[in-house]
Amino acid sequence: MMEQNLLKDGERVDDLQRNGLRIIQSPSAFRFGMDAVLLADFTRLRPRDRVADFGTGTGILPLLLSQKDESCTFEAIELQPDMADMATRSVRLNGLDDRIHVHAMDMRQAYELLGYQSMDAVICNPPYGKKGGTLGSETASVLLARHETDCTIDDVAKACAALLKNHGRLSIVFPAQRLLELCDALRNHRLEPKRIRMVCAHVDKPPYLVMIEAMKNTKPHLLWMPPLVVYHADGTETDEIKRIYHQI
């Protein structure tokens, strides 16, 4: 009954197959993909971390990360009010209201609400498409989630730096072809890349995603992790992907 009371017209509840977690999504709006699941696996948390999620969408990252360490709390920021509303209801559906707080606002103003240098960690799955590269057929919701509009990757890095404490950590996923642009933006705002992992569809294909953990106000020192390969040559998922999806 609670599930039905939380749903609006056209919405559905999806099972995340992780400790009974569920998420509310709409087929007509932006839905989370594999990149969010991979970033949740890549992200490292410490006990009692206070974590901000920029561009939370329907709340997938805080929901997944809430199971990594039950002492951590999350402030989820989402620009689109309807998506933030779905995230809020997903949090309520899972009984996580005391640990995940959703805010419908621009990430660039998040420090005004949450406090300057107040976060131990920030997670972010920002829009991948460069400004001006949008497709006319996309809905407004999908367009904002997938493409930079007036918020660039430099704006994202600046907003993350404003929230992070000294030596605070940022975990972010981005297109591999924009790696240099991402690193420039991070280092422009004193966020030093410390750990990096490329994601490849197949072992003989170039990477299409990159995941970076950066730390605020530290010296350069980069650890390259082994590439994450999604599929075997026959199209079946690798054991690493099955592990991440809790299938083995």
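Helices here are DSSP runs of H or I with at least four residues, strands are E runs of at least two, and both are numbered from the N terminus. Load up the model and keep in mind that it's a predicted one: local features need pLDDT of at least 70 and side-chain atom pairs pLDDT 80 or more, while totals for chains, interfaces and linings use all residues. Residues are numbered from 1 along each chain as its sequence is written, and side-chain values use heavy atoms, with hydrogens and water left out.

**Stop 1: helix α8**

Select residues 179–188, which make up α8. Which residues of α8 are buried (under 20% relative accessible area with a 1.4 Å probe, protein chains only; over 50% is exposed, in between is partly exposed)? Colour L179, L182, C183, A185 and L186, and you have them. Now turn the view to look down the axis of α8: those buried residues fall within an arc of 160° (taken from the directions from the axis to the C-beta atoms), so they line one face of the helix. Spin to the other side of α8 and you'll meet L180, D184 and N188, which are exposed.

What do the buried residues of α8 pack against? Show α7 (153–163), β7 (164–175), β8 (191–200) and β9 (209–216) to see the partners. Before you leave, click R190, which follows α8 and has a positive phi, near 65°.

**Stop 2: helix α7 and its packing on α8**

Keep α8 on screen and add α7 as sticks. α7 is mostly covered, with 8 of its 11 residues buried. To pick them out, select I153, V156, A157, A159, C160, A161, A162 and L163.

How do α7 and α8 sit relative to each other? Their axes are 8 Å apart and make an angle of about 35° (lines fitted to C-alpha atoms over the stretch in contact, angles from 0 to 180 degrees between N-to-C directions). On the α7 side, the contact (heavy atoms within 4.5 Å) is made by I153, D154 and A157. On the α8 side, highlight E181, L182, A185, L186 and N188. Notice some repeat appearances: I153 and A157 are also among the buried residues of α7, and N188 is one of the exposed residues of α8.

**Stop 3: strand β9**

Now isolate β9. All 8 of its 8 residues are buried, so the strand is largely enclosed by the rest of the structure. In a regular strand the side chains alternate between the two faces of the sheet. Try it on β9: L209, M211, E213 and M215 lie on one side, with V210, I212, A214 and K216 on the other. Both faces are covered.

Which strands pair with β9 (DSSP must find at least two bridges)? Bring in β7, which runs antiparallel to β9 and is joined to it by 7 bridges. Then add β8, whose pairing with β9 is also antiparallel, over 8 bridges. Two handy markers will line things up for you: V173 stands opposite M211 of β9, and R195 stands opposite E213 of β9.

**Stop 4: E213 in close-up**

Zoom in on E213, which belongs to strand β9. At 3% relative accessibility, it counts as buried. What is around it? Skipping neighbours within four places in sequence, E213 is in contact with F42, R44, L170, S171, E192, P193, K194 and R195.

**Stop 5: a walk through the loops**

Jump to R46, found in the loop between α2 (34–42) and β3 (50–54). Is R46 buried or exposed? Neither label fits: R46 is partly exposed, with a relative accessible area of 46%. Set aside neighbours within four places in sequence, and R46 is in contact with D69, C72 and R169. Draw a distance line from R46 to A29: the two are 17 residues apart in sequence and 33 Å apart in space, C-alpha to C-alpha.

Next, go to Q177, in the loop between β7 and α8. Q177 counts as exposed, at 67% relative accessibility. A C-alpha to C-alpha line from Q177 to A159 reads 23 Å, with their positions 18 residues apart in sequence.

Two glutamines round off the tour. Q17 is in the loop between β1 (12–15) and β2 (22–25), and its phi is near 55°, positive although the residue isn't glycine. At 58% relative accessibility, Q17 is exposed. Q117 sits in the loop between α5 (110–114) and β6 (119–124). Its phi is near 55° too, a positive value in a residue other than glycine, while its relative accessible area of 34% makes Q117 partly exposed.

Methods
Pairing = 2+ DSSP bridges.
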